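User: Please take me through this model and justify each term that you apply. I would like the values set against their definitions.

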Amino acid sequence: IRRRGPASGDGAPAVGEGDPPYWGCWEVEQAVPEAQGDLVLTAAHVVADARDVRVQLLASSGASPERYAARVLAVAHDCDLALLEVLDPRCFE
């Protein structure tokens, strides 16, 4: 999910700070209004125990190999989905 505008720098928890809310599969969308940066949908088991979440785009897309900080907005283990907010607006440039 791509959103316009800079990633949140004010008031957003630091990477690894706090626990993301655990919701059912159809409730994950409730986290979207909270996000101010670009969003990434991934598998919940990938970020389940992560303290430091980074996003790296596929090299085949011509993207930079750099990794960008992200925070977990929501996790739905029942359908193995997690919603991430990328904190660095350069990720999708």
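Analyst: Strand β2 (residues 53-55) is joined to β3 by 3 bridges, and the two run antiparallel. The model is predicted, so local features need pLDDT of at least 70 and side-chain atom pairs count only at pLDDT 80 or more, while totals for chains, interfaces and linings use all residues. Residues are numbered from 1 along each chain as its sequence is written, and side-chain values use heavy atoms, with hydrogens and water left out.

User: What makes β2 and β3 a pair of strands?

Analyst: Strands are DSSP runs of E with at least two residues, and helices are runs of H or I with at least four, numbered from the N terminus. Two strands pair if DSSP finds at least two bridges between them; β2 and β3 have 3, so they qualify. Within β3, A70 is the bridge partner of V53, and Y68 is that of V55.

User: How do you know that β3 and strand β4 pair?

Analyst: Strand β4 (residues 81-86) shares 6 bridges with β3, in the antiparallel sense, so the requirement of at least two is met. Here A76 has L81 of β4 as its bridge partner. The hairpin of β3 and β4 has 4 residues between the strands, and D80 takes a positive phi near 55° in it.

User: What is the order of the strands in the sheet, and which stand at the edges?

Analyst: The open sheet consists of 4 strands in the order β1-β4-β3-β2, with antiparallel pairing. β1 (38-42) and β2 each have a single partner strand and stand at the edges, so one side of each lacks a neighbour in the sheet. From one strand to the next, the twist averages 40°, where axes are lines fitted to C-alpha atoms (for helices, over the stretch in contact) and angles run from 0 to 180 degrees between N-to-C directions.

User: Why is β3 described as largely enclosed?

Analyst: A residue is buried under 20% relative accessible area, exposed over 50%, and partly exposed in between (1.4 Å probe, protein chains only). In β3 (residues 68-76), 8 of the 9 residues are buried, so the strand is largely enclosed by the rest of the structure.

User: What makes up the largest nonpolar core?

Analyst: A nonpolar core is a set of buried Ala, Val, Leu, Ile, Met, Phe, Trp, Tyr and Cys residues joined through side-chain atoms within 4.5 Å. The largest has 12 residues: V40, A44, V47, V53, V55, Y68, A70, V75, A82, L84, V86 and C91. Two or more of its residues come from each of α1 (44-47), β2, β3 and β4. A second, separate core has 6 residues, among them A31, A35, L39 and L73.

User: Why is E85 called buried?

Analyst: E85 lies in strand β4 and has 0% relative accessibility, which places it in the buried class. Its side chain reaches the backbone nitrogen of Q36 at 2.9 Å. That is a polar contact, a pair of N or O atoms within 3.5 Å; within protein, one must be able to donate a hydrogen and the other to accept it, and residues adjacent in sequence count only if both atoms are side-chain atoms.

User: How do you know that E85 and R71 meet in a salt bridge?

Analyst: A salt bridge needs a side-chain nitrogen of Lys or Arg within 4 Å of a carboxyl oxygen of Asp or Glu. The N to O distance between E85 and R71 is 2.8 Å, so the pair qualifies. As E85 lies in strand β4 and R71 in strand β3, the pair ties together parts 14 residues apart in sequence. Both E85 and R71 are buried. By this rule the structure has 4 salt bridges.

User: What joins E66, D88 and R90 into one network?

Analyst: E66 and R90 meet in a salt bridge at 3.4 Å, N to O. E66 is in the loop between β2 and β3 and R90 in the segment after β4, 24 residues apart. D88 also forms a salt bridge with R90, with the closest N and O atoms 2.6 Å apart. Salt bridges that share partners thus join E66, D88 and R90 into one network.

User: Which of these residues are buried and which partly exposed?

Analyst: D88, in the segment after β4, has a relative accessible area of 18% and is therefore buried. E66, at 35%, is partly exposed, and R90 is partly exposed at 41%.
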